[in-house]
Structures are given as structure tokens and as C-alpha cells.
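User: Hi! Could you walk me through this one while I have it open?
Analyst: Happy to, fire away.

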Amino acid sequence: MGTQAKKRALLAVLLVGAMLFCTIFSLITRADDSLPTLYCNDEVWYKATIVPLRIYHSVYVPISVFEQLEGVTVTIYERNNTAMISRSDTLYISFDFTRNSASVKENERFYLMTYTEGGERYVPLVTTCEYLDLQCETHTSVLDGSISARICDGKQTKTFAELLRRYNPAALDGKTEPPETTAPSQPIDPVSSALFLTVDGLGDGTRIPALLDLLEDFDVKAAFFVTPKELEEKENLVLSLLAGGHTLGFLVEKSGAADALAEANERLMERFKQTTRLYRLQGDEDAEGIHADLRKQGYAHCGWHLDLGITEDSVRQALIDFRRAVKAEGHLVLRAQPDGFNTVGYLREFFLSAQGKRSFSPVTFAYYAAAA
């Protein structure tokens, strides 16, 4: 047999071996699947190979799963890469998968991360269900860390635990533990255990670029609360915040807060085609009545637990308190001011102190409304 013939024969053997390996590996992998992963009411979604995703500690599901619910319509507009899910004239949400934004009524658009994988468009489970007045539940398997999610419209007769137990009790009860070296990391609950970073104002603007570089280095998404004046005068800085995937909120005076928020949202829509429902008041004292009125209008007041302040002593004390609090349960909101004492340098210490203990999550309207 010639040299070329020997090479072809060897290549054929290797290809057959590779195919056998892939087949065996596939069977082993399928055998390890612990649970179906998507449910509507009491039924398993028919696309068994499509699974929920966890992105920034939030569960995402394919938009087409909502089609299984009676009375829910999903419309995809391929031309401009948008989609709408609707239950009625008042219960609907539309998504722009190119711009990572959503809207719930005419001219009311806000930043909302979406995702596309394997031809499926994914949307955040909790936020979508909130706007459609649907219930949702999630479960993480103790066997392999896979996520199961259920969407309900009120017609379900079984609890989620009963439904999961039908398919694999061990994945629900933890009777079989994986080896320690392959144990999945425990996801952090974005409501009960996440860290949130917020920044009040843009200051004189000179430190914002360095702050954005630091946030990018640590993959931290912050919520920046800008004043209506800053929105007017520092448009390029606001654009850089949005381009970096950060959340925008408004910092307004207590007097005339509702009108100020409405006007600021109008300008935000004109310039950046989105709005925000997150806000803070300048001088929060004795403002409970204002907060109550704004909540009725759909706004979410973003408070804080630890304040860096603007002096060296206040920042150092906040770091001490943060290192203690980061080991405890409960969500934690850290407030910084760009023109405070060495804000960028000290924030690096905050991020390093959190590594391996807690993770920073993006602040969105849905996150904060749930956390609050």
C-alpha cells in the first residue's frame, strides 16, 4: 500500500473513532440531564433542547415559550429585529433586540438587556412576566446546576415542586451529590444577595472616564443618577454611560419632583430613545409622601445602605463597613459620588473585597423594584 493510501486509511480510522466518541459522549451527556427545563402551567415546553440561561444572575427564557400560554400572542418582526408579547390591550411588552431596549406603552422605552443564541431570542423572565401579569418560578438542580423555569397564567393545578418531582426527585432533593471538583457554583439571588453600585451625579465630569474604565475592568454595571441639568449639559457623558451598558436614573429636587421626572424623561426620549423609572431625591429627609405619590406613577425610589461620602474618613469607614456587610445575607446598595475623596481608587478596593464572596448585579427597574 502506498504512502498516500496509508494516510487515507489512517484518516478514515480516526474519523470513525471520533464519531464513535462523540456518539458515546452525547449519550453520557443526555443521561446526565436531570430535568426538563421549561414549563408552562403544568406542561413541559415541547422544545426540549432549548434551556433557560442565567445572565448577570438573571434568568432568561426564549420568547417563543410564551406562545404555549393560552391567550398570549408573540409577534416577531424580522425586518427590524423586534418582537412583541401581548395578553391584552394593556398587558404587553415589546423588545428591540438590536438596541437592547423594551417598551410597555407608546413612547415609553427603557434599557433592557436581551440575548440571541441558536436562533432563539431570549428575554428576562421576571421582567417580562411582571408586565404581562404572569407568574414565574425557577429551580436550580442540585445535580448539575441546570435551571428549570415555569411560567403560569393561573391555570396550573400542581406546585412546581410536584411537577419537578415527577421527572427526577434526586435533582430536586439532592439525594445524589456530584463530586466536589465538579460541583456547580451556587448562583447568587439578585434580590436577596446581590451587590448594587450607584453613583449620584456626574460631578464636574473629569473623573467619569476613569470610573468607566474601572467598571469595565471589573465588569461592574452601575446605576448613574444624573440631574436634569447634567442631562442637558453633559450629553456626551450620558451617551458614554449608556454605551457602557450602565443604567440611568434621575436625581431631582423634592419640590416638583413628578414634573421634573416627566420633563427629564421627555428629553431622554428625544436624545436616546428611552426612558427611566429609577429616581433619587436630593435631600431625602421627610420625603415619604413624595415617594408614595411617585410609586403610584410607576417610579422606583433607589435608596442605599452604604454611602462612600466625600471625605477620606467617610470613605475609609464605608470600606470597613462594606467588608463586614459583604459576608452577610441581603442585598446591598453602595452609593458613590464621582467627586468624592479618591472615588475611583477606593472603589477598586471595594470590588476586590467582594471578589469570591458576592457579585455586583446591574441595577434595573425590575431588579430594584423586586429588591426593595
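User: What share of the protein chain's residues count as buried?
Analyst: Of its 372 residues, 46% count as buried. Keep in mind that this is a predicted model.

User: Noted. How many helices and strands are there in the protein chain?
Analyst: The chain has twelve helices and 20 strands.

User: And what share of the contacts with a separation of 6 or more comes from residues 24 or more positions apart?
Analyst: That share is 64%.

User: What about the surface, how much area does the protein chain expose?
Analyst: About 19,200 Å², with carbon and sulfur atoms supplying 52% of it.

User: Let's go inside. Which residues have the most contacts within the largest nonpolar core?
Analyst: That core has 47 residues, and the ones with the most contacts inside it are Leu197, Leu215, Phe224, Phe322, Leu347 and Phe350. There is also a second, separate core of 33 residues, with Val74, Leu112, Tyr122 and Ile151 among them.

User: Pick Phe322 for me. What is Phe322 in contact with, leaving aside neighbours within four places in sequence?
Analyst: Its partners are Leu195, Leu306, Leu332, Leu334, Phe350, Ser353, Ala354 and Phe360.

User: Leu215 was on your core list. Which residues of helix 5 are buried?
Analyst: Helix 5 spans residues 208-217, and its buried residues are Ile208, Leu211, Leu212, Leu214 and Leu215. They sit on the same side of helix 5, because they cover an arc of only 160 degrees around the axis.

User: Nice. Which exposed residues are on the face turned away from that buried side?
Analyst: Glu216 and Asp217 are carried on that face.

User: And what do the buried residues of helix 5 pack against?
Analyst: They pack against two strands and two helices: strand 14 (195-200), strand 15 (223-226), helix 7 (235-243) and helix 11 (343-354). While you are there, look just after helix 5, where Asp219 takes a positive phi of about 55 degrees.

User: Oh, on that topic, where is Asn41, and what is its phi?
Analyst: Asn41 lies in the loop between strand 1 (38-40) and strand 2 (43-44). Its phi is positive, about 55 degrees, although Asn41 is not a glycine.

User: Is Asn41 buried or exposed?
Analyst: Asn41 counts as buried, because its relative accessibility is 12% and the cut-off for buried is under 20%.

User: How about Asn81, where does that one sit?
Analyst: Asn81 is in the loop between strand 5 and strand 6 (82-86). Asn81 also has a positive phi of about 55 degrees without being a glycine. With 22% relative accessibility, though, Asn81 counts as partly exposed.

User: Switching over to Ser64. Which strands flank its loop?
Analyst: Strand 4 (58-62) and strand 5 (73-77). Ser64 has a relative accessibility of 10%, so it counts as buried.

User: What does Ser64 touch, not counting residues up to four places away in sequence?
Analyst: Trp45, Lys47 and Glu120. Ser64 is also twelve residues from Ile76 in sequence, with 9.4 Å between their C-alpha atoms.

User: Last one: where is Thr37, and what does it touch?
Analyst: Thr37 is in the loop between helix 1 (3-32) and strand 1. Not counting residues up to four places away in sequence, Thr37 touches Ile50, Val51, Pro52, Ile147, Ser148 and Ala149. Thr37 counts as buried, at 10% relative accessibility.

Definitions and conventions
Residues are numbered from 1 along each chain as its sequence is written. This is a predicted model: local features need pLDDT of at least 70, side-chain atom pairs count only at pLDDT 80 or more; totals for chains, interfaces and linings use all residues. Side-chain values use heavy atoms; hydrogens and water are left out. Helices (H or I, at least four residues) and strands (E, at least two) are DSSP runs, numbered from the N terminus. Buried means under 20% relative accessible area, exposed over 50%, partly exposed in between (1.4 Å probe, protein chains only). Contact means heavy atoms within 4.5 Å. Accessible areas come from the Shrake-Rupley method with a 1.4 Å probe; for residues, only the protein chains shown count as cover. A nonpolar core is a set of buried Ala, Val, Leu, Ile, Met, Phe, Trp, Tyr and Cys residues joined through side-chain atoms within 4.5 Å. The arc is that of the directions from the helix axis to the C-beta atoms.
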